[in-house]
Amino acid sequence: MKSTGIVRKTDHLGRIVLPKELRTSLNIDNKDPLEIFTDNERIVLRKYNSNKACIVTGEVSDQNQSFFNGKITLSPKGIELLRQELQL
C-alpha cells in the first residue's frame, strides 16, 4: 500500500474529507458511491462500480452487455441511446 503522507482528523460525526488532489487522481466525483472494507485494523475505501450497471443509463439488469473486456457495460436502452448519438 502506498502512503500519501496526508493525515486528516475525523469531525464530531466521524466524517473525514478526502483531499481534492486524491479525489482527482482516483476519478472520484461528487456523490460517487464508495465501498468500505476492513482489513485487520485498516479501513479501505474503493470507488464502487457495479459490474452490471450501464455506463449510460445506470440501469442494472441481466440483459446488460459487456464490451472491451468488461470495461464497458451497456443496457439495451443505453446501446440504443449510444447508437442514436453516434448517428448525428
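## A nonpolar patch on the surface

In this predicted model, five residues come together on the surface as a nonpolar patch: Ile16, Leu34, Ile36, Ile43 and Leu45. Together they offer about 490 Å² of accessible area. Two elements, β1 (34-39) and β2, each give two or more residues to the patch.

Ile16 comes from elsewhere in the chain, as its place is in the segment before α1. With a relative accessibility of 47%, Ile16 counts as partly exposed, because that class covers values between 20% and 50%.

## The largest pocket

Let's turn to the empty space. The largest pocket has a volume of about 830 Å³. Its lining is made of 24 residues, and those closest to the centre are Thr4, Leu18, Leu22, Ile43 and Leu45. Ile43 and Leu45 will be familiar, since both also belong to the nonpolar patch.

Two elements give two or more residues to this lining, namely α1 (20-25) and β2 (42-47). Of these, β2 gives the most, with 6 residues. Sorted by class, the lining holds 14 nonpolar residues, along with 4 polar and 6 charged ones.

## Three salt bridges

How many salt bridges does a search of the whole structure find? The count is 3. As background, side chains of opposite charge can pair when their charged atoms come close.

One of them joins the side chains of Asp11 and Arg15, with 2.8 Å from N to O. Both partners are partly exposed: Asp11 has a relative accessibility of 29%, and Arg15 has 48%. Another salt bridge pairs Lys47 with Asp32, and here the closest N and O atoms are 3.4 Å apart. Lys47 sits in strand β2 while Asp32 sits in the loop between α1 and β1, so this pair ties together parts that are 15 residues apart in sequence. Lys47 is partly exposed at 34% relative accessibility, and Asp32 is likewise partly exposed at 24%.

The side chains of Arg46 and Glu35 form a salt bridge too, at 3.3 Å from N to O. This pair links distant parts of the chain, with Arg46 in strand β2 and Glu35 in strand β1, 11 residues apart. Arg46 counts as partly exposed at 48% relative accessibility, as does Glu35 at 24%.

## Two asparagines with positive phi

Two loop residues are worth a look for their backbone angles. Asn27 has a phi near 55°, a positive value in a residue other than glycine. You will find Asn27 in the loop between α1 and β1. Is Asn27 buried or exposed? Asn27 is exposed, with a relative accessible area of 54%, because the exposed class begins over 50%.

Asn40 also has a positive phi, of about 55°, although it is not a glycine. This residue is placed in the loop between β1 and β2. Asn40 is exposed as well, with a relative accessible area of 77%.

## Pro76 in helix α2

Further along the chain, Pro76 belongs to helix α2, which spans residues 76-86. Its relative accessibility of 40% makes Pro76 partly exposed. Which residue can you compare it with in space? Gln65 is 11 residues from Pro76 along the chain, and the C-alpha atoms of the two are separated by 7.9 Å.

Note on methods
Residues numbered from 1 in each chain as written. Predicted model: local features only at pLDDT ≥ 70, side-chain atom pairs only at ≥ 80, totals over all residues. Heavy atoms only, no water. 1 Å grid on protein atoms, 1.4 Å probe; cavity = no way out; pocket = protein on both sides within 12 Å on 5 of 7 lines; lining within 4 Å. Points joined across faces, edges and corners; volume = space filled by probe spheres on them. Helix = DSSP H or I, 4+ residues; strand = E, 2+ residues; numbered from the N terminus. Nonpolar A, V, L, I, M, F, W, Y, C, P; charged D, E, K, R; others polar. Patch = residues over 30% accessible without salt bridge, like charges linked within 9 Å, V, L, I, M, F, W, Y side chains within 5 Å. Areas by Shrake-Rupley, 256 points an atom, 1.4 Å probe, with all protein chains shown as cover. Salt bridge = Lys/Arg side-chain N within 4 Å of Asp/Glu carboxyl O. Buried < 20%, exposed > 50% of the residue type's maximum accessible area, 1.4 Å probe, protein only.
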